[in-house]
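Hi,

Here is the structure I promised to pass on. Have a look at it first, then read my notes underneath.

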Amino acid sequence: MTQRRRPSPGSLDRRAAMAALLCGGVAATLPLQAAPRRLPTGSLAPGGRWTSSFLPLDRVQAFRQALRIQRSLEDEADILHWYHFIMVAVPLNATPKAVVRWEGIEFSRHQKIGEDRYRLHGHNLSFPRDLVSGEFVDRVLNPVTKKTVAVPPMALTGDPGMVRSPAGVISLDKPSAPPRPDYKVLRREGEFVKVDAIRVPPDTWPVTFLETGYESSPAALFDDPSQKWLPSDVSGAYVFPYPKWMEMGDAPGHMFATWSGYKLRSIDELPEEFRRRAERDFPQLLKVDRTPFSKPIPDLHPG
């Protein structure tokens, strides 16, 4: 599932939640003939042999095929990812310690603005949950300092937007900058096609930020070129600076997180408990703000 300003305390927390960044499901803007939701099973027939091979795609085809899995090849669409992720504190010269679980969404929209070129804007919303019970919480134990700290929801709406193309990503807070190439490799494994991706952080982000992601779709649907939107399960990991709520001060170290979820078609597929909480506290974030798309992009790099 984007943010390219000089870090502020709030923006550091945003980076902590950008595990989808890879941008992800669709709302009602997709056509009725879109593929029905089918999730991978992962089973092999008796005596079967697991297969794995890289797809020999050129840069343009890799971009387009990854887009089908990560987002959609529709000219415009709202894309929804839902996920759980666990944050781990990694203090210097000490054992990493799990801190808190989160449940959240990344909700974004893209519009095609040229051949194989898309403009994107979106937001994230995540709520903290207890590591053991899974209940929603507003305070957790910082296992490094042994202090109980308040942990607020992450409603992250400062996305300046981006333009994605086979050349890479252009952040719209610096639209005249050349595109930053991103890493995407597609591979076929058994009955699935997967995208391996690495989000390359901009120069203005802390050097400790890096995100990897994996998205998987059924090969039978991938092989049907009429399917512009593919169901996918998603997972990944990322490292980032201590968020402000951890109250770590200048202590050396950083955070690590792993995440897992799905690309959904609409908010109607969200788990009931999460949706009730979002409707109560952040109803405006259960849709994508289309206002940014009405603003022209000044001096966009030709790449």
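Below is what I found in it, starting with how far to trust it.

This is a predicted model, so to speak of local features a pLDDT of at least 70 is needed, side-chain atom pairs count only at pLDDT 80 or more, and totals for chains, interfaces and linings use all residues. Residues are numbered from 1 along each chain as its sequence is written, and side-chain values use heavy atoms, with hydrogens and water left out.

The mean pLDDT (the predictor's confidence in each residue, from 0 to 100) is 87 for the chain, and 84% of its residues reach 70 or more. Over residues 1–40 the pLDDT is below 50. Where pLDDT is low, the predicted coordinates should not be read in detail.

The chain has four helices and 14 strands. These are DSSP runs numbered from the N terminus: H or I with at least four residues for helices, E with at least two for strands. Of the 303 residues, 52% are buried, meaning under 20% relative accessible area (exposed is over 50%, partly exposed in between, with a 1.4 Å probe and protein chains only).

Now for helix α2. Its 12 residues should span 16 Å at 1.5 Å a residue, and its end C-alpha atoms are indeed 16 Å apart; the expected span is 1.5 Å times one less than the number of residues. Its buried residues include Phe63, Leu67 and Ile69. In the loop between α2 (59–70) and β2 (76–91) you'll find Ser72, which is buried at 0% relative accessibility.

Phe222 sits in helix α3 (residues 219–222) and is buried too, with a relative accessible area of 9%. Leaving out residues up to four places away in sequence, Phe222 touches (heavy atoms within 4.5 Å) several residues, among them Gln65, Arg68 and Ile69.

Finally, the aromatic rings. Rings of Phe, Tyr and Trp (its six-membered ring) pair if their centres lie within 6.5 Å; planes under 30 degrees apart are stacked, over 60 edge-to-face, and the rest tilted. That gives 11 aromatic pairs. Phe85 and Tyr238 make a tilted one, at 6.2 Å centre to centre with 55° between the planes. Phe85 is in strand β2 and Tyr238 in strand β13 (residues 233–240), so the pair ties together parts 153 residues apart in sequence. Tyr238 and Phe240 are stacked, because their ring centres are 5.0 Å apart and their planes at 25°. Both Tyr238 and Phe240 are buried.

Cheers
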